Amino acid sequence: MGAITRKEVSKQFKQRRYTLQAAALQEVLSFVNRNGIDDPEEALELLLDLLDQEPLKSSILDKETVNRVISEMLDVDEVSPANSHLRFIDAFVVPKFRFDPTRKVFYECTGALPIHGNAPTKAGLYRDRFELLAQKLARHPHFSKPAFETEASNFGCCEIVPIQNLNWQTGRRWIMGVISQLEDGHFYLEDLTASVEVDLSSAKVTTGFFTENTIVVAEGEKLSGGIFKVNTCGFPPIENREESLAFISGLDFFGCGTFTSEETRKLADMERKAVNDMFVVLSDIWLDDEETMVKLKEVLEGYEAVEVVPSLFIFIGSFCSSPCNLSFHSFASLRSQFGKLGKMIAEYPRLLEQSRFLFIPSIDDAGPSSVLPRCALPKYLTEELQKEIPNALFMSNPCRIKYYSQEIVIFRRDLLYRMRRSCLIPPSSAETSDPFAHLVATIVHQSHLCPLPLTIQPISWNHDHCLNLYPTPHTIILGDRSEQKAFKYGGVTCFNPGSFSSDHTFVAYRPCNHEVELSAI
């Protein structure tokens with residue numbers, strides 16, 4: 001087989017959202033075209049698969065990073081195919097896209113994204129959220145104006161009008177806006193043109209939590225006093241995942257590269273056949289709590305004894321019973337507890353050899369602040385564990401996983417409690433009275449993991465896109481201290497493993513058929 005050219009290597013890396021520095025590109029060329037490599041294309045594919053599993057801090061690859069991964073490949077006779085289908089994406093390498101309402105297309109923001117944004121960046125956060133939902137609503141048949149107006153075509157049409165048009169348009173109208181409290185005790189709907197005070201006292205609402213900062217579609221009439229009396233209020237409708245993918249025309253919103261339709265079909269076939277793959281998800285693993293560690297040991301013992309061990313263990317914070325804030329002074333002790341966890345896992349050779357271990361922090365774990373997204377656990381705390389478990393991964397919160405063709409998003413925050421406290425209108429019980437179902441409906445319709453006001457949950461203005469759920473992923477894992485739950489909504493499988501330290505609950509998830517097994521010990 002012929003040698004791979006520089007252009008071909010660059011193209012393959014760009015498809016996986018990587019940029020190679022000149023020295024790194026030369027290193028890759030030297031590796032795939034060396035004499036001992038029978039199939040350069042297969043070698044390049046294996047190299048890319050291993051890079052996908054690395055906890056990279058940037059999508060720009062230098063020579064040292066490429067060298068390290070190549071060395072790992074050369075140290076073993078064969079790269080295990082069991083892990084090549086799992087790709088882990090840190091929140092800080094997820095590409096950022098904006099919608100251009102004039103051209104009606106998305107474009108990638110290629111500039112640097114500093115942690116500390118300026119005032120226009122904060123305004124851009126709200127604008128980007130609004131335009132993301134507005135472009136979906138504009139394509140929805142019930143909310144788009146017919147090209148040729150007839151009595152038949154207008155039947156059932158709910159055309160959205162800009163809020164500024166309410167100044168001269170009277171009667172019953174549909175508007176879309178974000179709920180804001182511009183004055184104490186007075187709530188408004190804002191869009192990109194204007195704002196209007198709203199009266200929600202008698203509004204009929206759909207499923208979900210209607211809080212400040214959520215984007216809603218409202219039907220009502222502007223009264224003589226200038227207040228918009230809302231009759232019906234709901235979230236923008238969900239767009240089918242396939243329709244979203246067709247509209248974005250191959251752009252990589254998820255952050256793991258794009259695939260052709262044929263490649264996606266083959267990956268989906270392989271996914272359905274992988275019936276033995278299982279993910280074990282545990283949240284709130286307090287390493288300083290003796291009872292928790294005893295229960296965790298029982299879980300590991302149980303899975304060590306099964307015929308086929310889980311392919312992935314997902315350990316979600318908090319990893320300490322007390323918050324690691326400014327008053328916390330036991331970091332050396334926490335470091336040793338991570339080391340003890342590593343030694344505990346190392347006692348089970350089958351798990352150590354055949355399973356992978358993913359660690360995702362909570363807001364209360366050691367880190368820079370309570371702002372989302374949250375970076376991975378500090379290396380100081382985890383290096384003792386890493387010595388015992390070389391294939392352990394430490395990722396951000398939220399974190400993304402690509403399993404064959406399936407997209408999985410993992411997020412740790414006590415959302416249910418905060419959403420219920422922030423609710424402006426009592427949730428509707430017409431369809432369901434389950435609070436978890438209302439939570440799932442809210443984040444899926446909002447296409448955002450945390451649509452709370454920034455005063456309740458701060459978010460890095462430049463990295464708000466990392467919490468987007470567009471196109472809608474297949475699975476969402478919400479680590480929450482509330483009761484263990486699973487719920488399917490709008491084609492999305494969503495579950496909460498519960499608090500392992502408090503209730504000793506966890507979840508066994510089979511991605512091949514989206515089966516969620518609620519478990520406890």
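# A briefing on loops, helices and cores

Tyr404 sits in the loop between strand 16 (399-403) and strand 17 (406-412). This is a predicted model, so please read each number below as a computed value. Asp277 is a good residue to start from, since Tyr404 is among the residues that Asp277 touches. After that we visit some backbone features, two helices, the nonpolar cores and the cysteines.

**Asp277 and its surroundings**

- Look for Asp277 in the loop between helix 8 (261-273) and strand 12.
- Is Asp277 buried or exposed? Asp277 counts as buried because its relative accessible area is 14%, and the cut-off for buried is under 20%.
- Leaving out residues up to four places away in sequence, Asp277 touches His85, Ser311, Tyr403, Tyr404, Tyr509, Arg510 and Pro511.
- One of these contacts is polar: the side chains of Asp277 and His85 meet at 3.2 Å.
- The side chain of Asp277 also has a polar contact of 2.8 Å with that of Tyr403.
- Asp277 and Val66 are 211 residues apart along the chain, and their C-alpha atoms are 29 Å apart in space.

**Backbone features in the loops**

- Tyr404 is not a glycine, yet its phi is positive, at about 50°. Tyr404 is also buried, with a relative accessible area of 13%.
- His504 is another residue with a positive phi, about 60°, although it is not a glycine. You can find His504 in the loop between helix 15 (500-503) and strand 21 (505-510), and at 11% relative accessibility His504 is buried.
- Which peptide bond has an omega near 15°? The bond from Gly317 to Ser318 does, and it is cis. Ser318 belongs to the loop between strand 13 (312-316) and helix 10 (331-346).
- Tyr470 and Pro471 are also joined by a cis peptide bond, with omega about -10°. Pro471 lies in the loop between helix 14 (435-446) and strand 18 (475-479).

**Helix 7, from cap to end**

- At the N-terminal end, helix 7 is capped by Asn240, which places a side-chain oxygen 2.8 Å from the backbone nitrogen of Glu242.
- Within helix 7 (residues 241-248), Arg241, Ser244 and Ile248 are the buried residues. Viewed down the helix axis, these residues fall within an arc of 60°, so they line one face of helix 7.
- Glu242 and Ala246 are exposed on the other side of helix 7.
- Strand 5 (105-108) and strand 17 are among the elements that cover the buried residues of helix 7.
- Ser249 comes just after helix 7 and has a positive phi of about 55°.

**Helix 9**

- How far apart are the end C-alpha atoms of helix 9? They are 21 Å apart, which agrees with the 21 Å that its 15 residues (290-304) should span at 1.5 Å a residue.
- The buried residues in helix 9 include Thr292, Met293, Lys295, Leu296, Val299, Leu300, Tyr303 and Glu304.
- Their cover includes strand 12 (279-283), strand 13, helix 10, helix 11 (349-354), helix 15 and strand 21.

**The nonpolar cores**

- In soluble globular proteins, nonpolar side chains tend to be buried together.
- The largest nonpolar core here has 37 residues, and Leu296, Tyr303, Phe315 and Phe359 have the most contacts inside it.
- Elements that each supply at least two residues of this core include strand 12, helix 9, strand 13, helix 10, strand 14 (356-360), helix 12 (379-388), strand 15 (392-394) and strand 21.
- Leu296 is in contact with Leu282, Ile285, Phe315, Leu341, Met344 and Phe500, with neighbours within four places in sequence left aside.
- Another core, of 33 residues, lies apart from the largest one, and it includes Val94, Leu449, Leu452 and Ile476.

**The cysteines**

- A disulfide is a covalent bond between the sulfur atoms of two cysteines.
- How many disulfides are counted in this model? With a cut-off of 2.5 Å between sulfur atoms, the count is zero.
- For Cys233, the nearest cysteine sulfur is that of Cys423, 11 Å away, and Cys233 is in no disulfide. Cys233 is buried, at 1% relative accessibility.
- Cys320 is in no disulfide either; the nearest cysteine sulfur, that of Cys324, is 4.7 Å away. Cys320 is buried too, with a relative accessible area of 5%.

Note on methods. Residues numbered from 1 in each chain as written. Predicted model: local features only at pLDDT ≥ 70, side-chain atom pairs only at ≥ 80, totals over all residues. Heavy atoms only, no water. Helix = DSSP H or I, 4+ residues; strand = E, 2+ residues; numbered from the N terminus. Buried < 20%, exposed > 50% of the residue type's maximum accessible area, 1.4 Å probe, protein only. Expected span 1.5 Å × (residues − 1). Contact = heavy atoms within 4.5 Å. Arc of directions from axis to C-beta. Polar contact = N/O pair within 3.5 Å; in protein donor to acceptor, adjacent residues only side chain to side chain. Core = buried A, V, L, I, M, F, W, Y, C linked by side-chain atoms within 4.5 Å.
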